[in-house]
Amino acid sequence: SLTLGASGDTITIPAGATFDSSAATTTLPATVVTTTGTQTLSNKTIDATQLTDSTVTTAKLAYDPNPFRNIIINGDMSIDQRNAGVSIVNPGASSVTYTCDRLAVRNATDAVVNVIQSTDSPNANFTNSLELDVTTLDSSIAAGQVYTVQQRVEGLNISSLGFGKAGTRYCTISFWHKHTKTGTYCVGLTNSAGNRAYPAEYTQSVADTWEYSTISAIPVDTTGTWLMTNGIGLIVYFVVAAGTNFHGTVDTWSAANTFATANQVNALDSTSNFFRITGVQLEAGTTASDFEFLPVDVNLGRCQRYYEKTYALGTTPGTSGTGQRDQGSTDAASHFVIHDRFCVKKRTTPTITVYTNSGTSGSWNASTTGLDTTLTVVAFASLDDNKIGVYFTFGGARNFQSAWVAGFWVADAEL
């Protein structure tokens, strides 16, 4: 035995150990026995026989293993209710436009960029990504110009992160990216008012190659106003290009809408450029965990809090088809009303758009006493975050007549 230090720790040197007195070095075999048990030195791990079930706790793990730890909804880009995988020509040119569910783009540049739910993905675990294809370039980004992919996170979903409260807390973002233009890109966090912002950087090292990035231990902002309501609590930006008005100091909170840095590349400077992301995860803590895949019904249900349609999941709204049918009778004013309940309670009272079976918005189809006609929306009644009621008019004197009506509706309660 060899006693080291005043504490009296004893190490038993097994057979095979050597000691070089001239170099004052000792070579030990892979395993040595101490008074506290067996320690495996070759891989610096503790032998499993030393661990009891009660000693392995959540607090000792590098991340939270609990379900729904990912605050980003549809981060794998697998749900695309609005477009069903069809390319959108230059969305976001006049305002924020949603693409894959819960993901939006804003194009305040001179470029034209088409957006699609792509089947290009980093590995066998993922099926989809969000893809941006530059079709008209913008080689010079002015100070006030910007192009972002973003998710607006509901305030009720960030309350556990503790934004705007005293104390030390952290969050971490991880994601896959495949960009044509190499160089430095930015991910930014802001509050809803855009007066608190944190820009971080990541690198695309090899052109058109899937790479994995983590932005770890982002300090949760302890100042500013952060909504913990059903409004916008947090905006997560992925920056494609940004003018100087949006440049701030990397890894630093500031009282301005500076969610990028001066190092951000201009990924709109060539019609050969693509920008793809998937596997986006935002979670509490200092370490990124593996991406949290959810069953499709769970993921779709989370998306439907913000957008729901009566079309099939793979059908774009406005497409010709056979919608739901309702039977009833008109009232004294020749009005017909339908009532439905949403599959998922909405974030707020949604905006409703109705379509005929042929895809015409603002109307439904009806058949009464052998006469086919088109109904026009008069008003929405009994509409709230849980149910829909629509008053239609036949456009003629058909009061107190039985009728069949058919069509589709879409409910939009996005942030």
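Of the 415 residues in the protein chain, 44% are buried. This is a predicted model, and its protein chain has 1 helix and 26 strands. Look at contacts between residues at least 6 apart in sequence, and 72% of them join residues at least 24 apart. The chain exposes about 18600 Å², with carbon and sulfur atoms supplying 51% of that.

**The largest pocket**

- The largest pocket holds about 240 Å³ of space.
- Its lining takes in 12 residues, and the ones nearest the centre are Phe68, Arg69, Ile71, Asn157 and Ser160.
- Sorted by type, the lining of this pocket comes out as 5 nonpolar, 3 polar and 4 charged residues.
- As for how such space gets found: rolling a probe the size of a water molecule over the atoms shows where empty space is left.

**The helix and what covers it**

- Helix α1 spans residues 296-304, and its buried residues are Asn299, Leu300, Gly301, Cys303 and Gln304.
- Strand β19 (307-309) is part of what covers those buried residues of α1.
- That strand comes up again below, as Glu308 sits in β19.

**Salt bridges**

- Searching the whole structure turns up 13 salt bridges.
- One of them pairs the side chains of Arg82 and Glu414, at 3.6 Å from N to O.
- This pair ties together distant parts of the chain, 332 residues apart: Arg82 is in the loop between β7 (45-46) and β8 (97-98), while Glu414 is in the segment after β26 (402-412).
- Buried or exposed, which is it for Arg82 and Glu414? Both are buried.
- Another bridge joins the side chains of Glu308 and Lys346, at 2.5 Å from N to O.
- Here too the pair links distant parts of the chain, 38 residues apart, with Glu308 in strand β19 and Lys346 in the loop between β21 (335-341) and β22 (351-355).
- Glu308 counts as buried because its relative accessible area is 2%, under the 20% cut-off.
- Lys346 lands in the buried class as well, because its relative accessibility is 1%.
- Lys387 makes a salt bridge with Asp384, and the closest N and O atoms are 2.5 Å apart.
- What class do the two partners in that bridge fall into, Lys387 and Asp384? Lys387 is partly exposed, with a relative accessible area of 26%, and Asp384 is partly exposed too, at 23%.
- There's also a network of salt bridges, which links Asp120, Glu131, Lys178, Asp208 and Arg276.

**Trp404 and its neighbours**

- Trp404 is found in strand β26, the strand that spans residues 402-412.
- With a relative accessible area of 36%, Trp404 is partly exposed; that's because partly exposed covers the range between the 20% and 50% cut-offs.
- Which residues does Trp404 touch, leaving out those up to four places away in sequence? They are Arg325, Asp326, Gln327, Asn365, Ala366 and Ser367.
- Asn365 is one of those contacts; its C-alpha atom is 8.3 Å from that of Trp404, and the two residues are 39 apart along the chain.

Terms used:
Residues numbered from 1 in each chain as written. Predicted model: local features only at pLDDT ≥ 70, side-chain atom pairs only at ≥ 80, totals over all residues. Heavy atoms only, no water. 1 Å grid on protein atoms, 1.4 Å probe; cavity = no way out; pocket = protein on both sides within 12 Å on 5 of 7 lines; lining within 4 Å. Points joined across faces, edges and corners; volume = space filled by probe spheres on them. Nonpolar A, V, L, I, M, F, W, Y, C, P; charged D, E, K, R; others polar. Helix = DSSP H or I, 4+ residues; strand = E, 2+ residues; numbered from the N terminus. Buried < 20%, exposed > 50% of the residue type's maximum accessible area, 1.4 Å probe, protein only. Contact = heavy atoms within 4.5 Å. Areas by Shrake-Rupley, 256 points an atom, 1.4 Å probe, with all protein chains shown as cover. Salt bridge = Lys/Arg side-chain N within 4 Å of Asp/Glu carboxyl O.
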